[in-house]
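Here are some exercises to work through with the viewer open. Try each task before you read its solution.

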Amino acid sequence: MSAPVRFVDGSAPVDLVLANDAAVASIAADLGGVASIGLLFPKWTDGRAYSQARLLRTRHRFAGEIRATGDVIADMMPMLVRCGFDAVQLRADQSQAVAERALAFFPQGHYQGDVHEPLPRFARRTEVGA
Amino acid sequence: MNLASASPRISARPGYDQSANAVSSIASAIVASSRPFLPDANSAATTLPADVPTTRSGTSPFSSSAWMTPMWAKPRAAPPPSARPIRGRRGGAGGGATIGGADAADATGATPPVVFGALEQPARPRAPSEPIAQAPARLRNTSRRAHGDRSSSSRALFLCRIRHTEVKKLWFVANWRVARVPLPSHERRRSPAHVILGQRSRHADASGFGMYRYDTFDRDFVHARARQFRDQLERHLAGELSADDFGHMRRQNGWYVQRHAPMARVAIPYGTLASEQLRTLARIARDFDRGYGHFTTRTNLQFNWIPLERAADVMDALAEVGMHGIQTCGNCIRNITADAFAGVAPDEVADPRPFCEIMRQWSSLHPEFAALPRKFKIAVNGALEDRAATGWYDVGLQLVRNDAGELGFEVRVGGGMGRTPMIGPVIREFLPWQQLLAYLEAVLRVYNEYGRRDNIWKARIKIIVKAFGAEFTRNVEDEFAAILRDDGDGLAPLITEEELARVSAHFGTPPGVREEPEPALDAQIDTAPAYRRWLERNVHAHRLSGRRAVTLSLKRAGQAPGDATDAQMDAAADLADRFSAGELRVTHQQNLVLPWVRAAELHALWLQARAVGFATPNIGLLTDMICCPGGDVCSLANARSIPVSAHIAERFADLDELHDIGDIAVNISGCINSCGHHHSGHIGVLGVDKDGKEWYQVSLGGADGSTLGGPAVPGRIIGPSFAADEVPDVVEALIDAYRAERSAPSERFIETVRRVGVEPFKAAADGVRRMTALHA
């Protein structure tokens, strides 16, 4: 699941910012020319953007950049990456080194599928009863 | 009985003749075998629960009328610096761990939130008469399991009391059982697991470990989580991670900050424990805590005195035996609960544990649902009787078979306690089991998107279920359809036959456990009344002939409900090894169950259980109270629920009287967060805070959904709150009123309340008011 993720500062703009309470389906028809979408975490404990990102990737096959903005902390990295974010604008007090380390705690992967590994563990196991 | 005489007293009271319960047991026995199971109810007065030895935890139960603080609730040493109360006041408002609520008026008692029948209650498929009508469909397939003859010895299985089961249901169960129970489809031999695992046993039902055993992935996973938590803890202790940010992380690992020290909540998935796991919990209690733990209504175990600095060490110790605190707190999918008799109950449609395990894996660190508006709880029931309180959960799943005999779930969404007690409505009558995870993802995605985040009291899913009604269901169904249609290849979220078979193979019947002839009845009967009472209350029917499930009561004089010392945990683990294939269950009534006991060894078990204080014959009786830890340790609580429960238990120490009163659920919560499930108590007691003082709201007629109490419903509050020292009097007055009003000794408390209404009870309770005497 070590998908490449880019750490960005606020200087590079995104093509589109989707409000935290907006339905992804409302922009689905307009994704054609969009290269990057910014999703917002008003608080890092507000997880709506996880669902938005996952829907953009899984249901609408959005291939451009999805950037996490707002109250984004290093410990969110595993969830962000697994839901399809590939660009992260960390909160000012957060360390990029810690964020990168946060991605390395589960080398064996996870139980359920995500945008990089669409199959849950049980469906991708090669050896039953391991 | 004269209500006016209902004054506080501790001595044994007159009024019992025959135990109501014994009468019904005899009736059941006659139905099943045409000869009585138990001798006539013992009418000799027993003034004390003789089989409850002194334990080293807790104070003397009969010492005084002063409020009693359990020993464990008193810090034996100065709390560590980190253990200062985190809030300056005792009020729970604004606390972190709360259940969603509604209008404040709901909590005042001025307007009871729900009256009987007012809440829409879709008909359950398990109405008393219905299972019999459906039985033929369920029984269409025959199994290879060699079921015994129809002799009285095989029927003797049912002589043992089935908790909360009416006579007519008992009849059904008895006949259903004898008439060959079909194996669940996933246990049939032709299923893929038995191609793979066929070498273990040719007999699907006999295979399995009895419990889920971690494989290397599972083990690596919990160790990885422990490493991640240690990293977060160390950054926090080094000042690199703020208390606020770290708070959310530690909660999702089971660490709350309590009044004196952090509380560690260890997940016990679907209440299933191996003896070695329980020994590890005992060791943690001994080495890291103050020598005890508390089993909760959500079948978890809580430690109250572990310094945060040692938290990571505890997580490592837990990981060694495949345990963890993942998602036992915080706004995420919590530990999943199930019927404590899953896999052993004779009235089971299908074993819920494989589905619970599949959901445990699916919900563990699900990236999309790591930051929900509020906590999210799932309960699963596989039996005809709802023993998992599914109506009270964010999602309640009931295993059912459709007309074609296929297995699936009836799905309830939006139940919950707290300020707005609600019974979750059925939003899907039949969900094929293969689609379970996809459907749950749809429910959670709708909740994640629409759940309220502006008000913690309105953030649970029940609020949007109630607000949106049919539109909520439509949203979920639309999302569900889109998942199946548009996401991935459309197969990913489906549970495969192979996976269900693989997980199911972990359960089944443990090695060494097999059906055997029922022992002769006479050999089982010890002359001691305590033993007969224990058989009557604590021993439960089993799907295998010659086997029983046995409840070890954690409700005994001098100890808080649900508490167990390290020595008691070790003793319970020893009993499990000796009598129950090394397996235990935790019930949502805060007791332990040994699920695989040989009927021939019941007496031997009783002797040993009694020696270590687990044999109080009070399961389902008044002293089998549900109670949260309360204000002694919990920083959210308004009131100290443990002393209240202790005082009530003290009033009803007489076993004859307890048995005469019969089945009743007294549930006590220290605050509106409802950890003590007061809403579902036949008598519910809720601690409330008024002007900085402890008051107690009493409600009547709640039900958790089990057969005994009828459909799940919140209780009705009976008038203004009572003062703390009035509560035992109130309970006593309510019981006296019940005995005066009941139409027959066999009419249970809840049935009398339903029949005559709350008014006579309200009047009786008002009659013992002193400090809170009504002015109007």
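Two strands count as paired if DSSP finds at least two bridges between them. Helices (H or I, at least four residues) and strands (E, at least two) are DSSP runs, numbered from the N terminus. This is a predicted model, where local features need a pLDDT of at least 70 and side-chain atom pairs count only at pLDDT 80 or more, while totals for chains, interfaces and linings use all residues. Residues are numbered from 1 along each chain as its sequence is written, and chains are lettered from A and ligands numbered from 1 in the order in which they are written.

**Exercise 1. Find the strand order of the open sheet of 5 strands in chain B, then walk in from one edge.**

Step 1. The order is 3-14-15-12-11, with antiparallel pairing.

Step 2. Strand 3 (272-274) and strand 11 (539-540) of chain B are the edges, as each pairs on one side only.

Step 3. Start at strand 3 of chain B: 3 bridges tie it, antiparallel, to strand 14 (residues 583-586) of chain B. Here B:Leu273 has B:Leu584 as its bridge partner, and B:Ala274 sits opposite B:Glu583.

Step 4. Move on to strand 15 of chain B, which runs antiparallel to strand 14 of chain B and is joined to it by 2 bridges. One pair to look for is B:Arg585 with B:Val593.

**Exercise 2. Which way do the residues of strand 14 of chain B point, and are they buried or exposed?**

Step 1. Get the criterion straight: buried takes 20 or more other C-beta atoms within 10 Å of a residue's own, exposed takes 12 or fewer, and partly exposed is in between, with C-beta atoms placed from the backbone.

Step 2. B:Glu583 and B:Arg585 go one way, B:Leu584 and B:Val586 go the other, and all are buried.

**Exercise 3. Which helices lie across this sheet, and at what angles?**

Step 1. Axes are lines fitted to C-alpha atoms, for helices over the stretch in contact, and angles run from 0 to 180 degrees between N-to-C directions. Contact means that two C-beta atoms, placed from the backbone, lie within 7 Å.

Step 2. Helix 9 (residues 275-287) of chain B crosses strand 3 and strand 14 of chain B, at about 85° to strand 3 of chain B.

Step 3. Helix 19 (residues 602-611) of chain B lies across strand 11, strand 12 (547-552) and strand 15 (592-598) of chain B, and runs at about 10° to strand 12 of chain B.

**Exercise 4. Hunt for the positive phi values at B:Thr299 and B:Gln590.**

Step 1. Recall the background: most residues other than glycine have a negative phi.

Step 2. B:Gln590 has a positive phi of about 70° without being a glycine. Its home is the hairpin of strand 14 and strand 15 of chain B, with 5 residues between the strands. B:Gln590 counts as buried because it has 27 C-beta neighbours inside 10 Å.

Step 3. B:Thr299, also not a glycine, has a positive phi of about 60°. Look for B:Thr299 in the loop between strand 4 (292-295) and strand 5 (301-303) of chain B. With 26 C-beta neighbours inside 10 Å, B:Thr299 counts as buried too.

**Exercise 5. Describe how helix 11 and helix 15 of chain B pack.**

Step 1. Helix 11 (residues 353-363) and helix 15 (residues 497-504) of chain B pack at about 110°, with axes 9 Å apart. That makes helix 11 of chain B roughly perpendicular to helix 15 of chain B (the label covers 65 to 115 degrees).

Step 2. From helix 11 of chain B come B:Pro354, B:Glu357 and B:Ile358, which meet B:Glu499, B:Leu500, B:Val503 and B:Ser504 of helix 15 of chain B.

Step 3. Helix 15 of chain B is largely enclosed by the rest of the structure, because 6 of its 8 residues are buried.

**Exercise 6. How many residues of chain A touch chain B, and how far can you trust the model?**

Step 1. Contacts link 32 residues of chain A with 36 residues of chain B. Helix 1 of chain A gives the most to that side of chain A, with 6 residues.

Step 2. The predictor gives the complex an ipTM of 0.96 and a pTM of 0.79.

Step 3. Chain B averages a pLDDT (the predictor's confidence in each residue, from 0 to 100) of 77, and 71% of the residues score at least 70. Over residues 1-206 of chain B, though, the pLDDT is below 50. Where pLDDT is low, the predicted coordinates should not be read in detail.

Technical notes. Parallel < 35°, antiparallel > 145°, perpendicular 65-115°, else oblique.
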